[in-house]
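The following note sets out several points for a colleague who is examining this model at the bench. Please read it alongside the sequence and the structure.

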Amino acid sequence: MGKQPVRMKAVVYALSPFQQKVMPGLWKDLPGKISHKISDSWLNATLLLTPLIGTYSSNLDMFNFVIEE
């Protein structure tokens, strides 16, 4: 009872070069999708960006203070 080789066929998937509309749904109503994402997650964006902007402006103030002296 030895091992017998099993034939396997390779399956290759490819897009037809004649198909022009590959992903049309991705680009439909793009501004609407972006505004929807922003309006859904405005709180998360605020909580993320506020500390970053505060830290950056604080560093700018310290940099200007060092230059003035």
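1. In which helix does Thr46 lie? Thr46 belongs to helix H3, which covers residues 42-68. The model under discussion is a predicted one.

2. The surroundings of Thr46 deserve a closer description. A polar atom of the Thr46 side chain lies 2.7 Å from the backbone oxygen of Trp42. Thr46 has a relative accessibility of 37% and therefore counts as partly exposed, since that class lies between the limits of 20% and 50%.

3. As regards the overall fold, the chain contains three helices and zero strands. Along the sequence, the pattern reads α-α-α.

4. Burial and surface should be considered together. The chain has 69 residues, of which 0% count as buried. Its accessible surface amounts to about 7500 Å², and carbon and sulfur atoms account for 67% of that area.

5. A nonpolar patch on the surface is formed by Leu26, Trp27, Leu30, Ile34 and Ile38. Together, these residues have about 520 Å² of accessible area. Two elements, helix H1 (24-27) and helix H2 (30-40), each give two or more residues to the patch. The largest share, three residues, is supplied by H2.

6. Why does Leu30 count as partly exposed? Leu30 is found in helix H2. Its relative accessibility is 34%, and Leu30 is classed as partly exposed because this value falls between 20% and 50%. Leu30 is also one of the residues of the nonpolar patch.

Terms used: Residues are numbered from 1 along each chain as its sequence is written. This is a predicted model: local features need pLDDT of at least 70, side-chain atom pairs count only at pLDDT 80 or more; totals for chains, interfaces and linings use all residues. Side-chain values use heavy atoms; hydrogens and water are left out. Helices (H or I, at least four residues) and strands (E, at least two) are DSSP runs, numbered from the N terminus. Buried means under 20% relative accessible area, exposed over 50%, partly exposed in between (1.4 Å probe, protein chains only). Accessible areas come from the Shrake-Rupley method with a 1.4 Å probe; for residues, only the protein chains shown count as cover. Patches are made of residues with over 30% relative accessible area and no salt bridge: like charges are joined within 9 Å, nonpolar side chains (Val, Leu, Ile, Met, Phe, Trp, Tyr) within 5 Å. A salt bridge is a side-chain nitrogen of Lys or Arg within 4 Å of a carboxyl oxygen of Asp or Glu. A polar contact is a pair of N or O atoms within 3.5 Å; within protein, one must be able to donate a hydrogen and the other to accept it, and residues adjacent in sequence count only if both atoms are side-chain atoms.
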